[in-house]
Structure formats: structure tokens, C-alpha cells
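Ready for a little practice with charged side chains? Take a look at the structure below, then work through the exercises at your own pace.

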Amino acid sequence: IESNDAEIKNIKFTIEQVEKELIAQQKVYDEAVNMFSSVDGVLYDKQGKELLHYPRSKKDTEFVIPDGVEIIKKSALASSKWLESVVIPPTVRELEEAAFARSSVRNVKFSEGLEKIRRVAFVGCQIGILELPESLKILGDEAFGENYRLRTVTIPAGVEDVYRSFYGCSNLEEIIFMNRENPDADYKEALRYCRELTVYVPDDTKHEYEFVCSSFASRDSVK
């Protein structure tokens, strides 16, 4: 009888522990429901303003980011295996560090409204032609580094910082600077390890750009 009583006590204790764990798990689940939302497997904050995570194994080749998203969070779409084309809506203001890093993205359609592309946001992707929005102000360190398919890019006039943004884009052939003010010396680092390329600049800034671009283009290549 004493043995049976001990077994019953052990069973009751086990049941109580399981109940506590289930309650704790339910609490975590309830908190998650209140903090996050999910659409087609893609994770957002509850308000839908931050894109938090895109599943690496999701097999869709195209992704249209929903209107209302304002920030693509750090590493949110990094290393996506199948994703090739992305459409970024006008509501997105910032792409955080490594947002698309080492993914299979080839085509990105940016919209006016984007202001910041942080460091290594698209490093190691497969982008061939880059059309950046005029609203852009900041291009982070190696933002588009090691995009070996990249052939041509236009830098909008409002970009304030391009330090090492295209580091290692060894097949880049053409770059167009729209800034009419004196170019920043950091442009030298922005294109380090790019092969000699053709640089197009506003007419009245050619002399300044010839000096700044001397590390990656000959004087005759500045148009």
C-alpha cells in the first residue's frame, strides 16, 4: 500500500509539472501572438511595420514586400536560397544590416522613400543592374559588396556616404555619379578592387571626380 501511495504521489507531481509547463508554454504563445504576425510564413511585428524573418527554405522566387512595412530588420532575408526578385514598396525607409546578405537575389525594384541601406545589406548577392532611388541618403559599408554580376550603377545626388559600398564588385563596368557638389574622398574606398571602369559625372564636376576616382579609373574614363 505504501508503495502504491508513493507511485500515486509521483504521478500527481508529474501531472502538476506538466500542467505548469503547458501553462508557461501557453503564456509564451500568447505573448508571441500579441507581438508578431505571420503572412505566408513571413514573420512581421504585430503592426506589420517591421519585416523580421523570411524563411530561408521558402521556395518562392519572387517576393513583393507588403505596403506598410517600414524597416527590413537585420538579416531578415539573408541566405534565402530560392528568392531571385524583390519589390520594395514606397513605405520602406530602411534596410538594416545584412538584410539580404548572401541570398540568391538577382533583381531588386526599389521605390522612392527608401533613405538608408545599411552595411552588407546585399553583400554577396547576384544583382546585375542597380537602380537606386533618388530619396536614398546612406549607403553602408559593403552594402553591395561582392556582387560579381553587377555591371552598372547610378549613385543618386542625395547620397551622403558611400564608404566601401561596392567593395569587391570586380566586374563593374559603369558608374554614374549624380552629385554636383565636391565628391567625397571616401569614393576611393567605395570602389576599391573594382576593375577599371567608365565613370559618368555632372559636367561641372569632372575635375574633382578625376582626382577622387584616380584609384579605380583613368582620367580619360571620367566622362
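Here are three short exercises on salt bridges in this predicted model.

**Exercise 1.** Find which residue forms a salt bridge with glutamate 70, and where the two partners sit.

*Solution.* Start with the partner: glutamate 70 pairs with arginine 93, and their closest N and O atoms are 3.3 Å apart. That distance counts as a salt bridge because the cut-off is 4 Å. Next, place the two residues: glutamate 70 lies in the loop between β4 and β5, and arginine 93 in the loop between β6 and β7. The pair is 23 residues apart and links distant parts of the chain.

**Exercise 2.** Decide whether glutamate 94 is buried or exposed, and compare its category with that of its partner, arginine 118.

*Solution.* First, the contact: the side chains of arginine 118 and glutamate 94 meet in a salt bridge of 3.1 Å, N to O. Glutamate 94 belongs to strand β7, while arginine 118 is in the loop between β9 and β10. Now use the areas. Glutamate 94 has a relative accessible area of 13%, so this residue is buried, the limit being under 20%. Arginine 118, at 30%, is partly exposed.

**Exercise 3.** Work out how many salt bridges the whole structure holds, and which residues form a network.

*Solution.* A search of the whole structure gives 9 salt bridges. One of them joins glutamate 97 to arginine 119, with the closest N and O atoms 3.1 Å apart. For the network, look at Asp141, Glu142 and Arg164, which salt bridges link together.

Note on methods. Residues are numbered from 1 along each chain as its sequence is written. This is a predicted model: local features need pLDDT of at least 70, side-chain atom pairs count only at pLDDT 80 or more; totals for chains, interfaces and linings use all residues. Side-chain values use heavy atoms; hydrogens and water are left out. Helices (H or I, at least four residues) and strands (E, at least two) are DSSP runs, numbered from the N terminus. Buried means under 20% relative accessible area, exposed over 50%, partly exposed in between (1.4 Å probe, protein chains only).
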